[in-house]
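Grab your viewer and a coffee: here are some exercises to work through. Try each task yourself before reading the solution.

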Amino acid sequence: MGLTLETILDKMKQEIDKWITNISDKDAEQIVKRNSLQAGIHDYALLEYVKGRVKVRETENFLTLPVVKTGKSSETLTEEQVRERIVPELASYIRQKLDEVSPALFNCPFTFNGKFRTREGDVNVRILEYVDETKKKQLLKRISFYIADKLEAGKNPTKPLETFFLSKHLLDERLFPDLDVVHIISIFEKIQYVNKENEHLAKHRRYLIGALRNCLENHWLPRYFENMGTQWQKEYKKKSDALLENTEQGPIELVIYAATLILKYEPSHRRNEGLDILNCAIELGSDRAKRMTKEGSGTFAKEDVSFCDELVKYTANDVFAEVTIAIKQETEESYARALRFLTRLLSMGFHNSYQIKLKSGVRQWLPIKGLAKSGTHRFFANALEYPNLHPLVEEYARAAMESFEWYTDTEGEKNCMAGSYAVFGLGLVDQTYFPLVEEYMGKVDEEHQSVQNNFTVALVECHGVNAETIPTLVKCMLHSTDSMKLKIKTDMENARYLMLLLNQVRGLQDYEVEHIVYLIWGGTDKMKKIASKTKGDQGKWLTELAQAASRG
């Protein structure tokens, strides 16, 4: 039987019913209660129609229904039928269905779009944008209270989920028709500030960047640019009639801010997106965007971010989170000046997550396997060759070390916290710096960094296992991962060192002792077998250590 307009409409309504039934299985009321900024669960849906087939889903990336390849379209629907009959009827039907289900199921606003294949081609159209005015007023009130209570007056870390919803809401022109860009940027900065030393800082930034990227790609950029690339590899071309009345205020500031966050905090393989966005601002006539590519954001005075004399030249760009250091003469004083510059720069608020672009004829590396061969690494390895500079290197390390902040020229298994090369180098050359090493280890996030494993192995090779090194080795092991290959079992079975180790682990949690035992002996069970065959104090202390590592 051939398809008629009525049968197609009935099929679309059936699919809408099926979709609403499926999502109604969720306990929406309880989910929404998890934080005050979540107005509902679903904020978008898409109905697709291709040659009699209908599908409703919640993403808008591409058609999931099969593409029918025909020379001439054999579709039943016409574009006129879609726009004049189907869209109005489906809009009325969906609105009716929304009124019948729990308000918590749908966000505010909620958008329902359609993609229809017709005789004339594909038709993309908005079927319904639904705004519950009562819910909207409540949400706006909650947003205002949250900002005042948790951010403007708050000093404690916030929850990533709150940032996820807040950032989306603030950039939604349906909630805030007149975007206050200065206010939005100040709130995004405050979110990062209150979470500065929080383990979820990276997740907060990821949500902020995601909301900004979504705002730009779906709303701002399409007004002025055409995407000549693909959905996954975008290439923006300025529209011939694109023109900004004011290129230095309003939304353009948000564009520049988004580009800056991407360049500073996204992985290196995604930073081209930030450059593309900044270039779009430049194409639209933003002098500030153009200056930023050369001079930075303007946050710092020019004399604070650049210097040049007969020994060294250095410049810092906070937009790209880069410091360029050119060593003109390989002398102690050249590196001393550069170290003072870096330390002062960080003390003034330059971000700890950055990298050094080094121009030097010397190529020193720390004697630690597995570290990135980067300009940042090479600079500190070079500087550490001058013993008189070690106090300056320590001063830098203390300014640079901060949990959840990493050098931007490292990724994956080579990822390392800011200050790592300075601390590692000092720890290897002199035991005087062991307290610095221990302080560093206390800040390490071992879930996102493992180079401390390589350092710990090098530390043992350099200083050995003895009464002086055991306290620091314990601290290093506590913050190393299970993958570390540390060959100190024979040394640690010395009765004296066993006693020292036992004293060091007193007061630790059983899982922490278990971790140390695993790194040295390969596990508690293996240690128990050794203890059962060992007599005297040595056997006693092995048994005590095994008991300390046993859970329950």
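The exercises below cover cores, cysteines, strands and a pocket in this predicted model.

**Exercise 1. Find the largest nonpolar core and say which residues have the most contacts inside it.**

Step 1: Start with the core itself, which has 91 residues. Ile 325, Tyr 354 and Phe 380 are the ones with the most contacts inside it.

Step 2: See where this core comes from. Helix α12 (residues 332–347) gives the largest share, eight residues.

Step 3: Zoom in on Tyr 354. Skipping neighbours within four places in sequence, its contacts include Leu 342 and Leu 346, along with Phe 380 and Trp 406.

Step 4: Don't stop there. A second core, separate from the largest, has 52 residues, among them Ala 39, Ile 191, Ile 252 and Ile 277.

**Exercise 2. Work out how many disulfides the structure holds, and why Cys 280 is in none.**

Step 1: The count is zero disulfides.

Step 2: Take Cys 280 and look for the closest cysteine sulfur, which belongs to Cys 215. The two sulfurs are 14 Å apart, and a disulfide needs them within 2.5 Å, so that's too far for a bond.

Step 3: Check the surroundings of Cys 280: with a relative accessible area of 3%, this residue is buried.

Step 4: Repeat for Cys 476. Its nearest cysteine sulfur, in Cys 462, is 12 Å away, and Cys 476 is in no disulfide. Cys 476 is buried too, at 0% relative accessibility.

**Exercise 3. Place strand β3 (residues 106–118) among its partners, and decide whether its residues are buried or exposed.**

Step 1: On one side of the bookkeeping, β3 runs parallel to strand β1 (residues 42–50), with seven bridges joining them. To anchor your view, pair Tyr 44 with its bridge partner in β3, Thr 111.

Step 2: Next comes strand β4 (residues 121–130), antiparallel to β3 and joined to it by nine bridges. Here Asn 113 has Arg 126 as its bridge partner in β4.

Step 3: Look at the turn: β3 and β4 make a hairpin, with two residues between them.

Step 4: Now burial. 13 of the 13 residues of β3 are buried, so the strand is largely enclosed by the rest of the structure.

**Exercise 4. Describe the second largest pocket: what is its volume, and which helix gives the most to its lining?**

Step 1: The volume is about 860 Å³.

Step 2: Its lining has 28 residues, with Ala 202, Tyr 265, Trp 406, Asn 415 and His 448 closest to the centre.

Step 3: α7 (201–224) and α8 (251–265) each supply at least two lining residues. The top contributor is α7, with five.

Methods
Residues numbered from 1 in each chain as written. Predicted model: local features only at pLDDT ≥ 70, side-chain atom pairs only at ≥ 80, totals over all residues. Heavy atoms only, no water. Core = buried A, V, L, I, M, F, W, Y, C linked by side-chain atoms within 4.5 Å. Buried < 20%, exposed > 50% of the residue type's maximum accessible area, 1.4 Å probe, protein only. Helix = DSSP H or I, 4+ residues; strand = E, 2+ residues; numbered from the N terminus. Contact = heavy atoms within 4.5 Å. Pairing = 2+ DSSP bridges. 1 Å grid on protein atoms, 1.4 Å probe; cavity = no way out; pocket = protein on both sides within 12 Å on 5 of 7 lines; lining within 4 Å. Points joined across faces, edges and corners; volume = space filled by probe spheres on them.
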